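The following exercises are to be worked through with the sequence and the model at hand. Each task is followed by a stepwise solution.

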Amino acid sequence: MANTVEKYFDLVDQNQQKFIETLREVVAIPSVSGDASRRGDVVRMGEWLQARWEALGAQCKRVDPGKQTLQGEVLDLPPVILGQYGNDPSKKTVLVYGHYDVQPALLEDGWETDPFTLVEKEDGRLVGRGATDDKGPVLGWLLCAETHKQAGLEMPVNLKFCFEGMEESGSEGLDAIIIDEADKWFKGTDLVCISDNYWLGTQKPCLTHGLRGVSYFHLEVQGPGADLHSGVFGGTVHEPMVDLVHLLSRLVDNDGRIKVPGIYDQVMAVTDDEERSYEGLEFSHKALASDLKHDVIIHDDERMTLKHRWRYPTLSIHGVEGAFYAPGDKTVIPARVRGKFSLRTVPNMEPAKVAELVTKYLDDEFAKLGSKNRMRVIETHSGRWWYSSPDHPNFVAAAKATERVYGVKPDLTREGGSIPVTLTFEENLKTNVLLLPMGAADDGAHSINEKIDKRNYIQGIKLLGAYLHEVAALD
């Protein structure tokens with residue numbers, strides 16, 4: 001295996017500029033899934049991927065998820081591109097997932113350059129919308145396969161892929177396709193790999209083995225039949241906004257601790273092995289405060305900060321619907337207001353139990369007010385957490401590949417956010433899922449001046465290939 005992988009690495013190095021030009025080509029396709037006027041571009045991006053893989057010899061299948069109404073238009077959802085490259089029954093089969101749609105981006109948002117023109121900066125940054133999220137990693141799999149063919153090297157595994165065009169807009173239609181194709185197109189999958197997240201820092205690679213879930217709630221308080229004049233009715237009626245602010249203030253304290261009784265009872269205990277896993281991670285409060293542009297960090301201990309990002313539940317308040325928010329002054333008492341908050345869940349919390357505890361607590365707190373208004377709690381979304389053992393052979397293979405490419409053992413991390421498709425694959429394909437990031441923590445996905453460093457892009461292409469070879473070598 002050693003000579004084969006080194007030959008692959010050498011050819012990747014020789015093709016660096018060509019790979020950057022390929023990334024430039026796809027960044028130029030403004031595949032913004034949340035903009036109805038760009039739907040044609042999203043479809044074009046999916047078709048580009050399908051054509052390129054088919055030219056390589058892959059068997060592809062385009063699946064159309066259906067329709068959606070977006071910005072007043074009824075549109076076809078972008079296609080999900082399924083594919084298979086290699087069908088040798090003596091080899092392991094790895095399924096890779098990625099997305100070819102991107103977030104909106106406008107020059108006037110604060111970009112230094114046109115967001116859909118990839119610019120290579122002197123410091124090695126490759127700046128452009130989608131460079132790291134997720135076009136760079138999606139291209140990585142394609143360029144890995146193309147480089148093997150160019151070098152005359154046999155692919156070490158059978159490669160299946162699933163690329164969607166709606167990840168940035170809720171992955172509408174994807175779950176149904178995965179469930180339907182689990183015993184069809186995806187049949188025979190041994191392992192799954194997703195490259196759609198980021199390193200903990202900027203210098204040291206990582207493998208990710210956990211994600212938090214999220215339960216989203218609306219807290220509605222309704223009073224009179226219409227908005228009222230505060231000069232006429234202030235002090236004479238129970239005001240919905242006053243009730244709402246009181247209730248929201250009862251959800252979480254200033255140290256980030258959730259005040260809902262029983263909410264921590266289901267949380268998995270910290271083990272000795274987990275405690276040791278925080279040692280030597282590329283993380284510091286100094287770097288975090290720099291990223292935040294102001295030190296507003298709650299915890300003094302860096303380990304506790306990571307625990308509250310990764311393995312403890314948190315509650316965040318996001319906004320209020322129905323209240324006056326425009327510039328200027330307005331003396332109105334809103335008749336109905338709706339507060340919005342989310343609760344990030346962790347092993348072993350059950351979403352149904354979370355909703356039950358939150359609803360009961362808010363009902364009890366509202367009853368204490370003695371208000372004549374009406375209150376209700378609405379759960380609008382619940383997504384489960386995901387956790388995998390970093391000792392699984394899939395992670396062992398990835399760790400060996402990482403050490404081979406970067407010369408260091410990867411950090412083993414979890415993330416505070418959610419990638420719902422991870423759990424969908426695991427539950428329906430009954431196999432292990434690995435998160436293998438290409439980009440760094442400062443890439444600015446979803447933000448202005450999104451980038452991927454040239455180092456991460458080129459070494460990342462090497463990493464994906466090395467990982468496939470390490471998987472092939474597993475017993």
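**Exercise 1. Determine whether histidine 318 is buried, partly exposed or exposed, and describe its surroundings.**

Step 1. Histidine 318 has a relative accessible area of 46% and is therefore partly exposed; buried means under 20% relative accessible area, exposed over 50%, and partly exposed in between, with a 1.4 Å probe and protein chains only. The model is predicted: local features need pLDDT of at least 70, side-chain atom pairs count only at pLDDT 80 or more, and totals for chains, interfaces and linings use all residues. Residues are numbered from 1 along each chain as its sequence is written, and side-chain values use heavy atoms, with hydrogens and water left out.

Step 2. The residue belongs to strand S13 (residues 314–321); helices (H or I, at least four residues) and strands (E, at least two) are DSSP runs numbered from the N terminus.

Step 3. Not counting residues up to four places away in sequence, histidine 318 touches Tyr216, Lys340, Phe341 and Ser342, contact being heavy atoms within 4.5 Å. Between histidine 318 and lysine 340 the C-alpha to C-alpha distance is 5.5 Å, at a separation of 22 residues in sequence.

**Exercise 2. Characterise the packing of helix H2 against helix H3, and place leucine 23 within H2.**

Step 1. Helix H2 (residues 16–27) and helix H3 (residues 39–56) have axes that come within 10 Å and cross at roughly 145 degrees. Axes are lines fitted to C-alpha atoms, for helices over the stretch in contact, and angles run from 0 to 180 degrees between N-to-C directions.

Step 2. On the H2 side, Thr22, Glu25 and Val26 meet Met45, Trp48 and Arg52 of H3. These contact residues comprise three nonpolar, one polar and two charged; Ala, Val, Leu, Ile, Met, Phe, Trp, Tyr, Cys and Pro count as nonpolar, Asp, Glu, Lys and Arg as charged, and the others, Gly among them, as polar.

Step 3. Leucine 23, also in H2, is buried at 0% relative accessibility. Beyond four places in sequence, its contacts include Leu118, Leu126, Ile452 and Tyr457. Glycine 136 is 113 residues from leucine 23 in sequence, yet their C-alpha atoms are 6.6 Å apart.

**Exercise 3. Identify which residues touch the most other members of the largest nonpolar core.**

Step 1. The core has 90 residues, and Trp53, Phe425, Tyr457 and Tyr467 touch the most other members. A nonpolar core is a set of buried Ala, Val, Leu, Ile, Met, Phe, Trp, Tyr and Cys residues joined through side-chain atoms within 4.5 Å.

Step 2. A second, separate core of 29 residues includes Leu219, Ile258, Ala355 and Met375.

Step 3. Outside four places in sequence, the contacts of tyrosine 467 include Val94, Trp141, Cys193, Asn394 and Leu436.

**Exercise 4. Explain why cysteine 162 forms no bond with the closest cysteine sulfur.**

Step 1. The whole structure contains zero disulfides, a disulfide being a pair of cysteine sulfur atoms within 2.5 Å.

Step 2. The closest cysteine sulfur to that of cysteine 162 is in cysteine 60, and because the distance is 12 Å, it is too far for a bond. Cysteine 162 is buried, at 0% relative accessibility.

**Exercise 5. State how the radius of gyration of the protein chain agrees with that of a compact globule.**

Step 1. For 475 residues a compact globule would have a radius of gyration near 23 Å, and the protein chain has 24 Å, which agrees. The radius is taken over C-alpha atoms, and the globule rule is 2.2 Å times the number of residues to the power 0.38.

Step 2. Of the 475 residues, 53% count as buried.
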